[in-house]
Amino acid sequence: MIRNPNQDQEITSMPGLEEENLEIADIQKIAASQSPAQIAMRRAQIEKMEALMAQLEKDYDAFKVMEEKIQQAAQDLTTLKSWYFSPEWLLDYALDEAGAYEGVDRGVLSEDGLYNLFLDYSQLGADLARASVKLTESEDEDEVLEAKV
């Protein structure tokens, strides 16, 4: 919502912009009739959108790095699961029970520890999948571009 500084009321959009099929000439007429207060509101909106764009560009770079880390984690998780569900894990578990691995970190021989790790990653994967869908749920880019022409 936009607060109109000349009136103590909120307005949801600029007058005349509610129509879906405005021609460029209509937009130009609306632009020419804007008061200084309306222009100030539009300027504040532009500044807000500029900040959002800058943040999203910065986030994109961070997300690309995160994507690489997720790919590596997926490979590592597959390796760990393959070992855990193989006879090798059972052999290492039995050797640990016999005291062969004293002095070695052996959290990987804890069924609860591995189960919780696998469950955590499964939940994280589901959460990331839901979040990634939100990035692609927005209007089709072609529709947005067509609306701008």
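## Overall fold

Let's start with the big picture: the protein is built from five helices and two strands. This is a predicted model, and its elements follow the order β-β-α-α-α-α-α along the sequence.

Two totals help set the scene. The protein has 149 residues, of which 13% count as buried. If you take the contacts between residues at least 6 apart in sequence, 47% of them join residues at least 24 apart.

## The largest nonpolar core

Seven residues form the largest nonpolar core: Leu77, Trp83, Tyr84, Trp89, Leu109, Leu114 and Phe118. Two helices, H2 (36-84) and H4 (111-136), each provide at least two of these residues, and H2 gives the largest share, with three. As background, nonpolar side chains in soluble globular proteins tend to be buried together.

Leu109 is a handy core member to click on in your viewer. Setting aside the neighbours within four places in sequence, Leu109 touches Trp83, Trp89, Asp92, Tyr93, Asp96 and Tyr101. Two of these partners, Trp83 and Trp89, are core residues as well.

## How H2 meets H4

A pair of packed helices is described by the angle between the two axes and the distance between them. For H2 and H4, the axes come within 12 Å and cross at roughly 145°. The crossing is left-handed.

On the H2 side, the contact is made by Ile70, Ala73, Leu77, Leu80, Lys81 and Tyr84, while H4 brings Glu111, Leu114, Leu117, Phe118, Tyr121 and Leu128. Sorted by character, the residues of this contact are ten nonpolar, two charged and no polar. Leu77, Tyr84, Leu114 and Phe118 take part in this contact and also belong to the largest nonpolar core.

Ala74 is another H2 residue worth a look. Its C-alpha lies 9.7 Å from that of Gly125, although the two residues are 51 apart in sequence. Ala74 has a relative accessible area of 37%, so it is classed as partly exposed rather than buried, a label that requires a value under 20%.

## Two buried loop residues

The loops before and after H2 each offer a residue to inspect. Gln34 sits in the loop between helix H1 (24-32) and H2. With a relative accessible area of 17%, Gln34 counts as buried because the value is under 20%. A polar atom of the Gln34 side chain is 2.9 Å from the backbone oxygen of Ile30.

Ser86 is found in the loop between H2 and helix H3 (87-97). Its relative accessibility is 16%, and therefore Ser86 is buried too, by the cut-off of under 20%. The Ser86 side chain reaches the backbone oxygen of Trp83 at a distance of 2.7 Å. Trp83 is itself one of the residues of the largest nonpolar core, and it is also in contact with Leu109.

Conventions: Residues numbered from 1 in each chain as written. Predicted model: local features only at pLDDT ≥ 70, side-chain atom pairs only at ≥ 80, totals over all residues. Heavy atoms only, no water. Core = buried A, V, L, I, M, F, W, Y, C linked by side-chain atoms within 4.5 Å. Buried < 20%, exposed > 50% of the residue type's maximum accessible area, 1.4 Å probe, protein only. Helix = DSSP H or I, 4+ residues; strand = E, 2+ residues; numbered from the N terminus. Contact = heavy atoms within 4.5 Å. Polar contact = N/O pair within 3.5 Å; in protein donor to acceptor, adjacent residues only side chain to side chain. Axes fitted to C-alpha atoms, helices over the stretch in contact; angles between N-to-C directions. Left-handed = near helix turned anticlockwise from the far one by under 90°. Nonpolar A, V, L, I, M, F, W, Y, C, P; charged D, E, K, R; others polar.
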